[in-house]
There are 2 protein chains.
Amino acid sequence: MTRWEPNARARLAQAAMDLYREQGFNQTTVAEIAERAGLTERTFFRHYADKREVLFGGADDMKDALLAAVANAAESADPLTAAAAGFLAVGAALEEQRGRELAGQRQRLIAANAELRERELIKLASWASSVAETLHSRGVEEPVATLAAEVALAVFRTSFEYWTETADGPPLPDLIHESLDQLAAMHSGAPKPRIHD
Amino acid sequence: MTRWEPNARARLAQAAMDLYREQGFNQTTVAEIAERAGLTERTFFRHYADKREVLFGGADDMKDALLAAVANAAESADPLTAAAAGFLAVGAALEEQRGRELAGQRQRLIAANAELRERELIKLASWASSVAETLHSRGVEEPVATLAAEVALAVFRTSFEYWTETADGPPLPDLIHESLDQLAAMHSGAPKPRIHD
């Protein structure tokens, strides 16, 4: 085996995904992942800190892209539009770097394991609160900043789920745009609708 | 001790909350809860199935109220307004039955324990998907039904958090109404704002 392993990171990720799916996350060892990928454990640890990081690696870069896009949204953008700009950046990165199929596999794995679900939810909650802070530094007051961040996250999650479930549908950023338009349309329908009395 | 214990349910709930806070949820036994409330274990089990149910009891009634309000929203209500009607019903029930202080105590306890957080998040996710189904039975197509349900949940959660953190603020249903108005205002600001290019 040469010291230079082409696509080692991607091969390890795919081997890990396959094994997690076949036999469960808890039951899979790093040794098995390396073996399946035709690589050594040493190589695995050059790319990932542990077997969980295969699923969550890249989350910090994603968060940086998210917050940069919120901070750099047009000055005239309303809070929801600015928050959504962040999630559009995440959507573009997912579309490009991970792709629909791998993202869907990852999502189903996470859904099947309590520890991973918890970790994913903590990640998303931390995204939302950081987006709210970034909005706040743009001059948006609370509770509007948190509201905009949480609603933008809800739009993102809904679009993301739809994206992973529809093999031939539009790319994720388009779905996020569509969801934002649908949300705006709900509001413009009736003039300031109050709940039925 | 008489067989009729006044306010046994509420006394047990308060004793449980106090003990969970003082020594942690995992460390607290049913025997301790009953003792603190000046009641017997037998009485505890007449009111709650286990110590977790003290925190999650009533969730089924809450969900029934949620879905009934969505189903019964005015026929002309747009999907978000119908979904929000459900969460307004939950808000009214929380304001009346639990109150801000107890709700806040409960929330902080849940936040401090991974098992309880998981259970709470599963509850909220099941609420959102049931609201989406109810919207669907009102003729709302996917993915709009899920979008409206998730956004309404985000509005509810943001309002709820604000409610528990502000001792003298408006009642929860008013906060939900305010959040909905704030969200509508974000959309009406710029005409169909697109994210900056």
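This presentation describes how two protein chains meet, and then turns to one helix and the nonpolar core.

Please note that this is a predicted model, in which local features need pLDDT of at least 70 and side-chain atom pairs count only at pLDDT 80 or more, while totals for chains, interfaces and linings use all residues. Residues are numbered from 1 along each chain as its sequence is written, chains are lettered from A in the order in which they are written, and side-chain values use heavy atoms, with hydrogens and water left out.

I begin with the relation between the chains. A turn of 180 degrees, with a shift of 0.0 Å along the axis, lays chain A on chain B with an RMSD of 0.0 Å; that is the relation of a two-fold axis. The superposition is by least squares on the C-alpha atoms of residues with pLDDT of at least 70 in both copies. Within chain A, the residue that comes closest to the rotation axis is A:Val151, its C-alpha at 2.7 Å.

Next, the interface. Chain A and chain B each give 42 residues to the contact, where contact means heavy atoms within 4.5 Å. Because 100% of the interface residues of chain A are also interface residues in chain B, the copies meet through the same surface. The buried area, that is, the accessible area (1.4 Å probe) that the two parts lose on being put together, summed over both, is about 3700 Å², and carbon and sulfur atoms give 68% of this area. Four salt bridges are found across the interface, the rule being a side-chain nitrogen of Lys or Arg within 4 Å of a carboxyl oxygen of Asp or Glu. A salt bridge joins the side chains of A:Glu118 and B:Arg117, at 2.4 Å from N to O.

Let me turn to helix H7 of chain A, residues 100–111. Helices here are DSSP runs (H or I, at least four residues), numbered from the N terminus. At 1.5 Å a residue, its twelve residues should span 16 Å, and the end C-alpha atoms are indeed 16 Å apart. Its buried residues (under 20% relative accessible area, 1.4 Å probe, protein chains only) include A:Arg100, A:Arg106 and A:Ile110. They pack against several helices of chain A, among them H1 (8–23) and H9 (144–165). A:Gly104 lies in H7 and is buried, with a relative accessible area of 2%.

Finally, the core. Among the contacts of A:Phe156 are A:Phe87, A:Trp127 and A:Ile176, with residues up to four places away in sequence not counted. A:Phe156 is also one of the residues with the most contacts inside the largest nonpolar core, which has 83 residues. Such a core is a set of buried Ala, Val, Leu, Ile, Met, Phe, Trp, Tyr and Cys residues joined through side-chain atoms within 4.5 Å.

Note on methods. Helix = DSSP H or I, 4+ residues; strand = E, 2+ residues; numbered from the N terminus. Expected span 1.5 Å × (residues − 1). Buried < 20%, exposed > 50% of the residue type's maximum accessible area, 1.4 Å probe, protein only.
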